[in-house]
Amino acid sequence: APKPNENILDMCASPGGKTTYIASLMHNTGTLIANDVNKERLKSLNSNIHRLGVRNSLITNYDGRILKNYFPSKFDRILLDAPCSGTGVISKDPSIKLTKTKKDISICSHLQKELILHAIDLIDIKSATGGYLVYSTCSVTAEENEEVVDYALRHRHVKLVSTNLSFGVPGFTRYRRNRFHQSLNLTRRYYPHTHNMDGFYVAKFKKYADGPKTVDVSDNEDDNN
């Protein structure tokens, strides 16, 4: 729910579909930073921004984990559509079944945890209209979704709020041996065979304080693995 005149970051923006939609909801006002770590993918991002007449955006090419070195002022809202294994789009790319391994999913999960903490650190708790982060993936694995969201809840001062999405099924609060925070039922999962769309996951956070949480030694990210 971006608002006009806000300061917004799309952390992994290419090829620009979500970026340009955000710009339209902002009525081409405020500042929209469209960042992507992959320089080659910036071509399509730049093309879509120009094609759709977006005038309030700045394209950057940084690793999302070091963005706070370049943007000392914080953002009203951030979208982190994180790099993932792509298990939700197997119907469009069947090669995923042959090329992705359990190790790949583990690597993605580790990167996503790093990115989400940095995204939260860039959120402005003093924002009059915002203070929100949306995290999403096109994966259906709990390791890349609920596990990452639960990790963020344990390491930063954030809470989950309603996505205000009228369909989808609640995220997991338990999966196999894993037990996640009960508020994860506010997140939403989407399945190709149920919702006639790509497999997808979305969570919306509200930040209420700066800095990391104090985590008990026993409460580490491996507890649920």
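Contact here means heavy atoms within 4.5 Å. Keep that in mind as you work through this predicted model.

**Exercise 1. Find what covers the buried residues of α4.**

Step 1. Start with the buried residues themselves: in α4 they are I105, C108, S109, Q112, K113, L115, I116, L117, A119, I120 and D121.

Step 2. Look at the spacing. An α-helix has 3.6 residues a turn, so residues three or four places apart point the same way.

Step 3. Now turn to the partners. The cover over these buried residues includes the strands β4 (77-81), β5 (132-137), β6 (156-161) and β11 (200-212), along with the helix α5 (146-155).

**Exercise 2. Check the span of α4 against its number of residues.**

Step 1. Helix α4 runs over residues 102-121, which is 20 residues.

Step 2. The expected span is 1.5 Å times one less than the number of residues, so α4 should span 28 Å.

Step 3. In the model, the end C-alpha atoms of α4 are 29 Å apart, which agrees.

**Exercise 3. Describe how α4 packs on α5.**

Step 1. Take the geometry: the angle between α4 and α5 is about 40°, and their axes are 9 Å apart.

Step 2. Classify the angle. Under 35 degrees would count as roughly parallel, and 65 to 115 as roughly perpendicular; α4 is therefore oblique to α5.

Step 3. Add the handedness, which is right-handed for this crossing.

Step 4. List who touches whom. On the α4 side the contact uses S109, Q112, K113, I116, L117 and I120, and on the α5 side E147, V148, Y151, A152 and H155.

**Exercise 4. Decide how many disulfides the structure holds, and look at C108 and C138.**

Step 1. Recall the cut-off: the two cysteine sulfur atoms must be within 2.5 Å.

Step 2. The structure holds zero disulfides. For C108, the nearest cysteine sulfur is that of C84, 6.6 Å away, so C108 is in no disulfide. For C138, the nearest is again that of C84, at 3.3 Å, and C138 is in no disulfide either.

Step 3. Compare the surroundings. With a relative accessible area of 15%, C108 is buried, while C138, at 25%, is partly exposed.

**Exercise 5. Place D124 in the structure: is D124 buried, exposed or partly exposed?**

Step 1. Locate D124 in the loop between α4 and β5.

Step 2. Buried means under 20% relative accessible area and exposed means over 50%. D124 has 24%, so D124 is partly exposed.

Step 3. Find its partners: leaving aside neighbours within four places in sequence, D124 is in contact with K74, F75 and G131.

Terms used:
Residues are numbered from 1 along each chain as its sequence is written. This is a predicted model: local features need pLDDT of at least 70, side-chain atom pairs count only at pLDDT 80 or more; totals for chains, interfaces and linings use all residues. Side-chain values use heavy atoms; hydrogens and water are left out. Buried means under 20% relative accessible area, exposed over 50%, partly exposed in between (1.4 Å probe, protein chains only). Helices (H or I, at least four residues) and strands (E, at least two) are DSSP runs, numbered from the N terminus. Axes are lines fitted to C-alpha atoms, for helices over the stretch in contact, and angles run from 0 to 180 degrees between N-to-C directions. Angles under 35 degrees count as roughly parallel, over 145 as roughly antiparallel, 65 to 115 as roughly perpendicular and the rest as oblique. A crossing is left-handed if the near helix is turned anticlockwise from the far one by less than a right angle, and right-handed if clockwise.
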